[in-house]
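Work through the exercises below with the sequence and the model side by side, and try each task before reading its solution.

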Amino acid sequence: MSVKLEMLRIFCVVADKGTLASAAQVLGRTPSAISMMLTQLEDHVGAPLFETDRKNRLTPLGGLVLEEAIRATDAFDKSADAIRRHAISTAGIVRIAAVPSATETLLPRVVARFRSTHPDVRLDISDVDSSAVRRRVQRGEADIGLFSARPGDVEDGEVILLDDLGIVCREGGPVHSAHLASNVRSDWTLLDREPLISNPLCRLVDHPLIDSLLNSSTLEARNTTAILSFVRQGFGASILPYDAVRSQPDGIEFFVPSHPVSRRELRKIRSENGSSSVAIGAFWRLLSVS
């Protein structure tokens with residue numbers, strides 16, 4: 001008997017829950033049916049997967065099998081989801097992975113233009129950080145990716161936006177007050193006046209203080225809206241690109257330190273593993289240099 005996906009899926013649930021009874025409740029099956037499926041899986045691999053009949057501790061082999069089972073079930077679920085999404089979109093699909101600042105500022109304009117000419121194409125947009133963008137595109141899980149980089153740090157992709165990084169802080173707060181009182185152009189040391197709300201863009205600033213503040217930061221957010229909300233509530237200050245705060249909400253101040261001037265590139269990359277449909281090409285072309 002060959003290993004079936006259902007065996008692996010059941011094994012994952014039992015390993016997670018620790019008992020047949022708990023797994024049975026999750027799976028909607030009887031404990032005896034689950035036990036029989038596990039026995040069939042153990043017969044196939046030729047050794048026990050659990051240390052005891054209670055199923056609360058894996059054997060060394062069981063740990064290895066669990067890693068492979070999770071990998072296999074995740075891959076199947078992703079493939080099944082992709083098939084489902086393609087099936088419900090007869091005009092095609094464009095999968096985009098983008099950093100939050102691009103999702104909130106650039107993509108709304110691009111999506112509006114794209115939908116005017118491709119109203120039936122399904123758009124699947126994921127809001128993730130730069131490293132996740134690159135991984136998804138490389139694995140063929142996204143057709144187009146938009147990520148942030150320090151100028152000159154990477155060679156792949158095409159630059160579509162270059163903007164200044166600056167300090168975003170609460171109006172009237174310690175950082176803002178120090179900025180107003182400064183007799184010279186402000187620098188990044190003003191961030192020492194408040195806790196740093198960390199986000200991946202902070203690492204694009206080449207200043208020793210930023211590394212120190214990142215190590216001591218107790219609040220991290222990746223979504224631009226969340227960062228601005230936390231700043232407005234007085235939880236601290238953060239670093240964002242100008243494009244993300246072009247229309248500053250009430251209670252928020254933004255300024256660009258000059259020592260040193262730091263910029264970020266927004267780059268677009270394209271999957272070499274997936275299909276290259278007309279819709280993907282059209283969306284790609286709309287992501288032009290700003």
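**Exercise 1: orientation of two helices**

Helices α5 and α10 are oblique to each other, because angles under 35 degrees count as roughly parallel, over 145 as roughly antiparallel, 65 to 115 as roughly perpendicular and the rest as oblique. The model is predicted, so local features need pLDDT of at least 70 and side-chain atom pairs count only at pLDDT 80 or more, while totals for chains, interfaces and linings use all residues. Residues are numbered from 1 along each chain as its sequence is written, and side-chain values use heavy atoms, with hydrogens and water left out.

Task: find the angle and the axis distance at which α5 and α10 pack, and state which residues meet.

Solution. Begin with the axes, which are lines fitted to C-alpha atoms, for helices over the stretch in contact, with angles running from 0 to 180 degrees between N-to-C directions. Helix α5 (residues 100-117) and helix α10 (residues 278-286) pack at about 135°, and their axes are 10 Å apart. Next, list the contacts (heavy atoms within 4.5 Å): L107, V110, V111, R113 and F114 of α5 meet A279, A282, F283 and L286 of α10.

**Exercise 2: the faces of α3**

Task: compare the span of α3 with the expected one, and determine which residues of α3 are buried and which are exposed.

Solution. The expected span of a helix is 1.5 Å times one less than its number of residues. For the 15 residues of α3 (residues 31-45) this should give 21 Å, and the end C-alpha atoms are 21 Å apart, which agrees. Then apply the accessibility classes, in which buried means under 20% relative accessible area, exposed over 50% and partly exposed in between (1.4 Å probe, protein chains only). By these cut-offs I34, M37, L38, L41 and E42 of α3 are buried. Seen down the axis of α3, the buried residues fall within an arc of 140° (taken from the directions from the helix axis to the C-beta atoms), so they line one face of the helix. That face packs against α1 (5-17) and α2 (20-27), whereas S32, M36 and D43 on the other side of α3 are exposed.

**Exercise 3: the loop after α3**

Task: is P48 buried or exposed, and is K55 buried or exposed?

Solution. P48 is placed in the loop between α3 and α4 (60-88), and its 52% relative accessibility makes P48 count as exposed. K55 lies in the loop between α3 and α4 as well, but at 11% relative accessibility K55 counts as buried. Finally, check the backbone: K55 has a positive phi of about 65° although it is not a glycine.

How values were computed:
Helices (H or I, at least four residues) and strands (E, at least two) are DSSP runs, numbered from the N terminus.
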